[in-house]
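Got the viewer open and a coffee at hand? Let's take a short walk, one selection at a time.

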Amino acid sequence: MSVPARIDLHTHSTASDGTLGPAELVRAAAHAGLDVVALTDHDTTAGWAAAVAALPPGLTLIRGAELSCRWFGVEPAVPLHLLAYLFDPTEPELVAELARVRRAREERGERIVRLLQADGIGVSWSEILAGAAGGTVGRPHIAAALIRAGLVATTTEAFGPDWLGERYRLPKDDIDVFRAVALVRAAGGVPVFAHPRASRRGRIVPDELIGQLADAGLVGLEADHEDHSPAEREHVRRLAAELGLLVTGSSDFHGTHKTVRLGAHTTGSEAYERIVALARGVTPVASG
Ligand code: AMP
Ligand code: ZN
Ligand code: FE
Ligand code: FE
């Protein structure tokens with residue numbers, strides 16, 4: 001019997017809020033024994049080229065992104081994440097939308113810093129921007145500044161209710177999730193709903209919305225994710241089966257910004273092959 005392929009379809013590099021550069025990330029993926037890794041930085045494709053250039057033999061790279069979306073069906077709107085695989089990174093409408101969201105993230109980050117400063121907390125926006133080093137700015141970069149200032153001990157603590165999880169939490173101007181699904185499909189990509197039942201992170205959307213997204217072109221649901229309990233994973237699997245969606249599992253690796261390890265959860269070969277077969281934007285990359 002052959003050994004099943006190890007496929008991790010959700011990771012972050014320094015192109016967003018991970019702590020390994022894209023080149024280091026693909027090397028670490030090979031080291032972790034993965035056969036396939038997807039690079040899915042928040043709202044950017046900026047890490048793709050460096051990951052391709054550094055791809056070790058035996059590892060296949062799926063180029064992707066994790067789009068910051070919002071469902072406007074309730075008030076206030078619910079934020080959610082859409083993984084997008086193998087889309088054309090030059091499709092103008094999608095490129096413009098990603099650039100807009102990255103700017104919105106910077107505006108939100110700066111407003112959060114002003115709230116912190118108004119309470120006498122000594123963090124600076126220029127220092128946080130420098131920490132992001134040109135990558136998509138996210139709350140983990142603000143968390144890192146809080147750690148450097150000795151105000152919290154860990155990223156997890158920084159995401160608690162006294163800090164970025166509630167007291168200093170501000171919404172950002174995300175992409176309407178139906179528009180995101182349409183844009184990804186129009187760019188030849190394959191959209192998969194990231195951690196759809198991660199209730200411990202905040203509000204989640206109802207199953208009815210996921211049904212509507214499936215009708216609109218959503219292809220899959222991420223079931224095995226560290227933010228899902230066993231019951232939540234089972235719920236996602238059942239819903240996917242009902243809706244004819246594929247199911248993925250992945251680490252959502254962020255380097256030292258999170259404790260999860262590469263390959264902590266993986267995707268089955270059948271789901272992976274369906275994603276590749278549906279994609280029309282760019283191809284998986286394997287080094288010779
Ligand atoms: P943002 O994209 O700026 O809203 O920040 C959310 C990012 O922070 C996501 O990529 C999460 O992976 C990460 N995150 C959310 N909650 C936590 C947490 N409790 N601990 C560590 N990272 C978190
Ligand atoms: Zn992140
Ligand atoms: Fe996410
Ligand atoms: Fe993620």
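Start by coloring the two domains: domain 1 (7-99 + 172-286) and domain 2 (106-158) each give at least three residues to the shell around ligand 1. Keep in mind that you're looking at a predicted model.

Next, select ligand 1 and show what surrounds it. You should pick up 15 residues, and the closest include His 42, Arg 105 and Arg 108, along with Arg 139 and Lys 258. Color that shell by chemistry and you'll get seven charged residues, six polar and two nonpolar. Switch on the protein surface too: the space ligand 1 takes up is the largest pocket.

Now turn on the cartoon. Which helices each supply at least two residues of the shell around ligand 1? Look for helix H3 (92-118), helix H5 (139-148) and helix H6 (155-158).

Time for some distances from the ligand's oxygen atoms. Pick Arg 108 first: a side-chain N or O atom there sits 2.4 Å from an oxygen of ligand 1. Move to Arg 139, where the partner is a backbone N or O atom, 2.8 Å from a ligand oxygen. Then click Asp 17, whose side chain has an N or O atom 3.3 Å from an oxygen of ligand 1. Overall, the protein covers 86% of the 490 Å² of accessible area that ligand 1 has on its own.

Two backbone stops to finish. Most peptide bonds are trans, and most residues other than glycine have a negative phi. With that in mind, zoom to the loop between strand S3 (60-71) and strand S4 (78-85), home of Pro 76. The peptide bond from Glu 75 to Pro 76 is cis, with omega near -5°. Last, select Asp 43, in the loop between strand S2 (36-42) and helix H2 (48-53). Asp 43 isn't a glycine, yet its phi is positive, near 55°.

Methods: Residues are numbered from 1 along each chain as its sequence is written. Chains are lettered from A and ligands numbered from 1 in the order in which they are written. This is a predicted model: local features need pLDDT of at least 70, side-chain atom pairs count only at pLDDT 80 or more; totals for chains, interfaces and linings use all residues. Side-chain values use heavy atoms; hydrogens and water are left out. A residue is near a molecule or strand if one of its heavy atoms lies within 4 Å of it. A polar contact is a pair of N or O atoms within 3.5 Å; within protein, one must be able to donate a hydrogen and the other to accept it, and residues adjacent in sequence count only if both atoms are side-chain atoms. Accessible areas come from the Shrake-Rupley method with a 1.4 Å probe; for residues, only the protein chains shown count as cover. On a 1 Å grid over the protein atoms alone, a cavity is a set of points where a 1.4 Å probe fits but cannot get out, and a pocket is an open set with protein on both sides within 12 Å along at least five of seven lines; lining residues have an atom within 4 Å of a point. A molecule sits in a cavity or pocket if more than half of its atoms lie within 2 Å of its grid points. Helices (H or I, at least four residues) and strands (E, at least two) are DSSP runs, numbered from the N terminus. Ala, Val, Leu, Ile, Met, Phe, Trp, Tyr, Cys and Pro count as nonpolar, Asp, Glu, Lys and Arg as charged, and the others, Gly among them, as polar. Domain bounds come from an automatic or database domain assignment.
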